[in-house]
Amino acid sequence: MLIHSASQLLTLAGGPQRGRDLGTLGIIEKGAVLMRDEKIVVVGTSAELKSAYPDEPSLDATGCVVMPGFVDPHTHVIWGGDRANEFAMKMAGAKYLDILAAGGGIISTVRATRTASIESLIAQTRPRLLRMFAHGTTTAEAKTGYGLQTATELRLLKALLALDDESPLDLAITFLGAHAIAPEFKDDPQGYTDLVCDTMLPMLKGWWETHAPELALPFVDVFCENRAFDLEQSRQILTRARSLGFPLKIHADEFDNIGGASLAVDLGAASADHLVKTSDADIAALGKSDTVAVALPCTPFGLAEKDYTPAQKLLDANAILALATDCNPGTSWNESMQFAIALSCRYMGLTPAQAIAASTINSAHAIRRSDRIGSLEAGKQADLLILSIPDYRHLGYRYGTNLVKQVIKRGRVYSVDVGYYRTA
Ligand code: NIG
Ligand code: FE
């Protein structure tokens, strides 16, 4: 199929964009893209491609921007229950880490998740993924982490594999058994850390190689933070994971700077995420590494906090910056990368072009898939969006409504907007 006549076709060609190179969109005016067998064959101008492929079935994108599908590289999209009550408490002044220390927060979602069946977890997560897809996310990372015991963490993994299988959206799965200290180990964080290292990670490796041998090993992530896993415990878990062959991620500097970002760099992690309170030394280390700095602007927004990821410092240090939603029931129940883009422009000082690159090619690199997705280039997966906007700068400028008209996933077209009302 040939998609043609796009007012702007954004290719994002050329690989991940480091530092001040961020925002290179590779715009083709009156652009076109030819796809076959789930892949992109060629991109060019509509005049070129229409004359080279005159008999190809076509889709007219007049007046629209065509771009790669969003890649959301940090979500906690699978959980049981909700925390609307805590949102109300937080807006009345309660603090996130105090609620967690009092047995609420992540732990209250853990209680609801442990009692949910796999069918219920899948049923609760499916509509979230469908909303993500409708808002233009064609690949999302998805973490476990609301089980905090071997059996429930495994149930979450199985549910995520089933959701990856059934839904048009692709998932990149992450094991986050180290999301919080399990309630049973409230007074023995080191005991829980040892359980993750000595029982959960070896079990996960064996299970994955038996049940999903065709898939690459999942990422292993740790919430490195005061009142979660300290720097030494984070190092212990990630070092063990690395020795078992898992690729790594980390939650670092969401509330306090305890050194998680430099740990991620030392261990060659694919990404370090949050990075709100990151020190200048940690920023410099990220800038010299291939560890992607993933900013989650929906999280301070969701918590009504004033500090956001210092994107300008990260870009000056030459880091690879990406954006994600952090979709989760506690700090950021948001499923739209368009909203993350809008916030990043206002609170991190990104231009729309920078935010778009951070949400496509760079976010693909944060899940180590930038060789397959994140740009419109020959040979890549045909994951793209037709947006009902004439100019890419409408992304970021406009927010709160969905600008996606059609999502194309592996070459299949899914329509999102209805365009008119029908009455009975
Ligand atoms: O990324 N920081 C830890 N994890 C999530 C929050 C999870 C929750 O509150 O349920 C985050 O913000
Ligand atoms: Fe998170």
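## Exercises: a ligand site, a buried glutamate and two cores

**Exercise 1.** Find how far a polar side-chain atom of Tyr96 lies from an oxygen atom of ligand 1, then work outward to the rest of the site.

*Solution.* Start with Tyr96: in this predicted model, the gap between one of its polar side-chain atoms and a ligand 1 oxygen is 2.4 Å. Next, try the histidines. His76 has a side-chain N or O atom 3.2 Å from an oxygen of ligand 1, and for a polar side-chain atom of His251 the distance is 3.4 Å. Now check the cover: on its own, ligand 1 has 320 Å² of accessible area, and the protein covers 100% of that. Finally, list the surroundings: 16 residues sit around the ligand, with Arg83, Tyr96, Tyr146, His179 and Glu254 coming nearest.

**Exercise 2.** Decide whether Glu86 is buried or exposed, and pick out its side-chain partner.

*Solution.* First, place it: Glu86 belongs to helix α2, which runs over residues 84-91. Its relative accessibility is 4%, and buried means under 20%, so Glu86 is buried. Then look for polar partners: its side chain makes a polar contact of 2.8 Å with the side chain of Arg83. Beyond four places in sequence, Glu86 is in contact with Ile99, Gly104, Gly105 and Ser108.

**Exercise 3.** Work out which helix gives the most to the largest nonpolar core.

*Solution.* Begin with the core itself, which has 105 residues; Leu171 and Val220 are among those with the most contacts inside it. The top helix is α7 (residues 189-211), contributing eight residues. Domain 1 (2-69 + 373-423) and domain 2 (70-366) each supply at least three. Lastly, another core of 16 residues lies apart from it, including Leu9 and Ile408.

Definitions and conventions
Residues numbered from 1 in each chain as written. Chains lettered and ligands numbered in written order. Predicted model: local features only at pLDDT ≥ 70, side-chain atom pairs only at ≥ 80, totals over all residues. Heavy atoms only, no water. Helix = DSSP H or I, 4+ residues; strand = E, 2+ residues; numbered from the N terminus. Buried < 20%, exposed > 50% of the residue type's maximum accessible area, 1.4 Å probe, protein only. Polar contact = N/O pair within 3.5 Å; in protein donor to acceptor, adjacent residues only side chain to side chain. Contact = heavy atoms within 4.5 Å. Core = buried A, V, L, I, M, F, W, Y, C linked by side-chain atoms within 4.5 Å. Domains from an automatic or database assignment. Areas by Shrake-Rupley, 256 points an atom, 1.4 Å probe, with all protein chains shown as cover.
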